[in-house]
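Work through the three exercises below with the sequence and the model at hand. Each task is followed by its solution.

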Amino acid sequence: LGQAALEFLAAYDIPVLPSRLTQTDQEAVAAAETYGYPVVLKVVSPQWLHKSDLGGVVLHLFDPDQVRQAFLRLQAAVECHTPGAILEGILVQKQLSGKELLLGIKQDATFGPVVVCGLGGIYTEILQDVAQNLAPVTVPQAQAMLLSLKAYPLLLGVRGEPPVALEDLAQTLANLSQLAVSETDLQELDINPLIATPE
């Protein structure tokens with residue numbers, strides 16, 4: 001959850017953005033100033049695992065006043081929607097723009113660890129454009145998984161957009177599959193969204 005989850009992923013060479021768990025609006029502004037704008041703020045609470053559904057993510061924050069207001073708004077939302085919830089803090093992250101993907105792992109009772117990739121963001125469950133494979137997967141296998149997605153043409157760039165870094169994306173999927181093999185006690189993990197960019 002929160003910073004601990006990001007550090008866990010980074011240990012398996014899964015790229016994560018720098019982030020800071022903050023307790024006050026002043027800390028949030030200081031973090032935003034360090035990372036550069038725009039930033040995103042996210043509620044970190046065991047009761048807010050599906051943050052977007054509860055309004056626990058605020059995007060497109062471009063200055064200190066916006067960060068301060070968003071921080072206070074998120075604090076108030078937690079108290080309003082889930083009284084008694086454990087608020088570990090508000091996570092501040094640099095905001096990237098790119099293609100939103102889902103990468104995940106799950107432990108299948110019969111086959112063992114499975115790695116999943118697909119279109120991410122808020123449309124994941126609606127479109128269900130996913131590929132699965134038994135872990136571990138090699139980089140070529142990961143590339144084949146990406147190629148099988150209906151959304152694959154979006155990754156190549158449309159209407160003048162640059163393509164995402166497909167080889168790096170496949171390597172990240174392969175790294176995640178190694179995590180699935182190594183951490184057999186971990187039943188399920190979703191990275192949603194993983195922002196795929198040309199870099």
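**Exercise 1.** In this predicted model, find the residues in contact with Thr197, leaving aside its neighbours within four places in sequence.

Solution. Start by placing Thr197: it lies in the segment that comes after β8 (188-196). Then list its partners beyond the sequence neighbours, which are Leu96, Ser97, Val164 and Ala165. Last, take the relative accessible area of Thr197, 14%. Buried means under 20%, so Thr197 is buried.

**Exercise 2.** Is Leu102 buried or exposed, and which residues does it touch, not counting those up to four places away in sequence?

Solution. Leu102 belongs to strand β5 (residues 99-108). Its relative accessibility is 8%, and it therefore counts as buried. The residues touched by Leu102 fall into two stretches of numbering: Val116, Cys117, Gly118, Leu119, Gly120 and Thr124, then Asp190, Ile191 and Asn192. For a distance along the chain, take Val16: it is 86 residues from Leu102, and their C-alpha atoms are separated by 14 Å.

**Exercise 3.** Describe how helix α6 (residues 139-147) and helix α8 (residues 166-182) cross.

Solution. Two packed helices are described by the angle and the distance between their axes. Here the axes of α6 and α8 come within 8 Å and cross at roughly 110°. That angle makes α6 roughly perpendicular to α8. The crossing of the two helices is right-handed. On the α6 side, the contact is made by Val139, Ala142, Gln143, Met145 and Leu146. On the α8 side, Leu166, Glu167, Leu169, Ala170, Gln171, Leu173 and Ala174 take part. Sorted by class, the contact has nine nonpolar, two polar and one charged residues.

Note on methods:
Residues numbered from 1 in each chain as written. Predicted model: local features only at pLDDT ≥ 70, side-chain atom pairs only at ≥ 80, totals over all residues. Heavy atoms only, no water. Axes fitted to C-alpha atoms, helices over the stretch in contact; angles between N-to-C directions. Helix = DSSP H or I, 4+ residues; strand = E, 2+ residues; numbered from the N terminus. Parallel < 35°, antiparallel > 145°, perpendicular 65-115°, else oblique. Left-handed = near helix turned anticlockwise from the far one by under 90°. Contact = heavy atoms within 4.5 Å. Nonpolar A, V, L, I, M, F, W, Y, C, P; charged D, E, K, R; others polar. Buried < 20%, exposed > 50% of the residue type's maximum accessible area, 1.4 Å probe, protein only.
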